[in-house]
Amino acid sequence: MAKKPTARTEFVFFNVTYEDGSQKSNRKVPLEVVDDPYDGEGAVRKALEEQDRQISERSGLPPLMISKIVRAK
């Protein structure tokens, strides 16, 4: 019997610059967050900040503040 196709989650990549000048490239954000017609950039920022919060909890370091978000090409 053939397998059912699984739902694919598509992502959009962003380059993020933090207040201390450091940069992280190709951060993944789900496409449905990016396509929010009411709060597109705010939703992307919230998604990235949540990812940073989870990373900081695991590493024990405080999260950095995001200063700039640019969609990767």
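**Order of elements**

I first read the protein chain along its sequence and noted the pattern β-β-α-α-β, which comes to 2 helices and 3 strands. For these elements I relied on DSSP runs, taking H or I of at least four residues as helices and E of at least two as strands, numbered from the N terminus. The model is a predicted one, in which local features need pLDDT of at least 70 and side-chain atom pairs count only at pLDDT 80 or more, while totals for chains, interfaces and linings use all residues. I number residues from 1 along each chain as its sequence is written, and my side-chain values use heavy atoms, with hydrogens and water left out.

**Overall dimensions**

I looked up the radius of gyration, taken over C-alpha atoms, against the globule rule of 2.2 Å times the number of residues to the power 0.38. For the protein chain the radius is 15 Å, well over the 11 Å that the rule gives for 73 residues, so the chain is more spread out than a compact globule. I also noted that the C-alpha trace spans about 55 × 30 × 20 Å along its principal axes.

For burial I used relative accessible area with a 1.4 Å probe and protein chains only, calling a residue buried under 20%, exposed over 50% and partly exposed in between. On that scale 23% of the 73 residues of the protein chain count as buried. The accessible surface, from the Shrake-Rupley method with a 1.4 Å probe, comes to about 5,900 Å², and 53% of that belongs to carbon and sulfur atoms.

With contact meaning heavy atoms within 4.5 Å, I found that 38% of the contacts between residues at least 6 apart in sequence join residues at least 24 apart.

**Strands S1, S2 and S3**

I next followed the strand pairing, for which DSSP must find at least two bridges between two strands. Strand S1 (residues 11–18) and strand S2 (residues 23–30) run antiparallel and are joined by 6 bridges. They form a hairpin with 4 residues between them, and in the turn I noted Gly 21 with a positive phi of about 95°. Two pairs I wrote down from this hairpin are Thr 17, which stands opposite Gln 23 in S2, and Phe 14, whose bridge partner in S2 is Arg 27.

On S1 I also found a pairing with strand S3 (residues 66–71), again antiparallel, through 5 bridges. Here Val 16 stands opposite Ile 69 in S3.

**Two residues of S2**

I looked at Gln 23, which is found in strand S2 and is exposed, with a relative accessible area of 51%. Leaving aside its neighbours within four places in sequence, Gln 23 is in contact with Asn 15, Val 16 and Thr 17. I also checked Gln 23 against Ser 67, 44 residues apart along the chain, and the separation of their C-alpha atoms is 10.0 Å.

Asn 26 also has its place in strand S2, and its phi is near 55°, a positive value in a residue other than glycine. I have Asn 26 down as partly exposed, at 48% relative accessibility.

**Two residues of H2**

Asp 52 has its place in helix H2 (residues 40–59), and with a relative accessible area of 8% I count Asp 52 as buried. Beyond its neighbours within four places in sequence, Asp 52 is in contact with Tyr 18, Arg 27, Pro 63, Leu 64 and Ile 66.

Ala 43 is found in helix H2 as well and counts as buried at 14% relative accessibility. Not counting residues up to four places away in sequence, Ala 43 touches Val 33 and Asp 36. I also looked up Ala 43 and Glu 32, which are 11 residues apart in sequence and 9.8 Å apart in space, C-alpha to C-alpha.

**Before S1**

Lys 3 lies in the segment before S1, and at 81% relative accessibility I entered Lys 3 as exposed. Between Lys 3 and Lys 46, 43 residues apart along the chain, I noted a C-alpha separation of 36 Å.
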